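Welcome, and please open your viewer. We will go through one structure step by step, selecting a few residues at each stop.

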Amino acid sequence: MELKRILLVEDSINDVELILSSLAENHLGNEVVVVRDGEEALDYLHRRGLYRLRREGHPVVVLLDLKLPKIDGIEVLTQLKADPQLRVVPVVVLTSSREEQDLGRCYELGSNGYVVKPIDFLEFVQVIKGLGLFWAIINEPPPGSIPPARSNQGVAGI
C-alpha cells in the first residue's frame, strides 16, 4: 500500500526541520514533499516545471504557510481552490499569523483548517503530531490523492 503524500509549503528552514522531526518522532512515515515558496507549490500541484514528471495523484493534505516568497499563501490557496482538479485537496494553513483578517480570508477561500504555529517547542510538536495523525491516518483522502497501482513498466516520476 502506498503511503499518503503530504505537501509542506514552508520557507523557514527551522520550521521545516521541526515539522519533519515531529512527524518522524510520532512514527508517521508518510512521504513529505517540501517546497519553499508559493510558485514552487503551484508547480508541484499542477505537475509543471521541475515537477512535470512527478508521480500522479494529489497530496492527502497541503500544510501551507501564509508568509511565502514569490507567491504568498493566500494566492496559492486562491489558485488551488479555483482549479476544478485541485479544489478537493485539503489545505491546512499552518502560520504564525493570528490576524483575524487572514483567518477569515483563508476560510472564505476554502481552507480546511487554520493552525497558528505555537512558539513553545513541546506544544509545536504536539500540534504537528495531531495534524499528522488526523490528515495522514484518520481522514479519508479525496479521490485522486493516491495514484492507482501501476505495472512495473515505464519511468518512475519524482
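Which residue in S4 is the bridge partner of Val-62? Select Val-62 and look across to S4: the partner is Val-91. Keep in mind as you explore that this is a predicted model.

**Stop 1: the whole sheet**

Now show the strands as a cartoon. You should find 5 strands in an open sheet, and reading across it gives the order S2-S1-S3-S4-S5, with parallel pairing. Colour S2 (32-35) and S5 (113-116): these strands stand at the edges and have a single partner strand each, so one side of each lacks a neighbour in the sheet. Turn the view to look along the sheet, and you can follow a twist that averages 20 degrees from one strand to the next. As background, strands of a sheet pair through backbone hydrogen bonds, either parallel or antiparallel.

**Stop 2: strand by strand**

Select S1 and S3 together. These two pair in the parallel sense over 4 bridges, and Leu-8 stands opposite Leu-63 in S3. Next, add S4: S3 and S4 are also parallel, pairing over 3 bridges. Go on to residues 91-95, which make up S4; 4 bridges join S4 to S5, and the two run parallel. To see one of these pairs, pick Leu-94 and find its bridge partner in S5, Val-115.

**Stop 3: the two faces of S3**

Show the side chains of S3. Where do they point? Val-61 and Leu-63 go one way, while Val-62 and Leu-64 go the other way, and all are buried.

**Stop 4: helix H2**

Select residues 38-46. This is H2, which packs on the sheet and touches S1 (6-9), S2 and S3 (61-64). The direction of H2 makes about 135 degrees with that of S2. Buried residues in H2 include Gly-38, Ala-41, Leu-42 and Tyr-44, and what covers the buried residues of H2 includes S1, S2, S3 and H3.

Zoom in on the start of H2. Here a side-chain oxygen of Asp-37 comes to within 3.0 Å of the backbone nitrogen of Glu-39. Then move to the other end, where Arg-47 follows H2 with a positive phi, near 55 degrees.

**Stop 5: helix H3**

Finish by selecting residues 73-82. This is H3, lying across S3 and S4 and running at about 155 degrees to S3. Trace the chain from S3 through H3 to S4, and you have followed a right-handed β-α-β unit.

Methods:
Residues are numbered from 1 along each chain as its sequence is written. This is a predicted model: local features need pLDDT of at least 70, side-chain atom pairs count only at pLDDT 80 or more; totals for chains, interfaces and linings use all residues. Side-chain values use heavy atoms; hydrogens and water are left out. Two strands pair if DSSP finds at least two bridges between them. Axes are lines fitted to C-alpha atoms, for helices over the stretch in contact, and angles run from 0 to 180 degrees between N-to-C directions. Contact means heavy atoms within 4.5 Å. Buried means under 20% relative accessible area, exposed over 50%, partly exposed in between (1.4 Å probe, protein chains only). A crossover is right-handed if, with the strands pointing away from the viewer, the path from the first strand over the helix to the second runs clockwise. A polar contact is a pair of N or O atoms within 3.5 Å; within protein, one must be able to donate a hydrogen and the other to accept it, and residues adjacent in sequence count only if both atoms are side-chain atoms.
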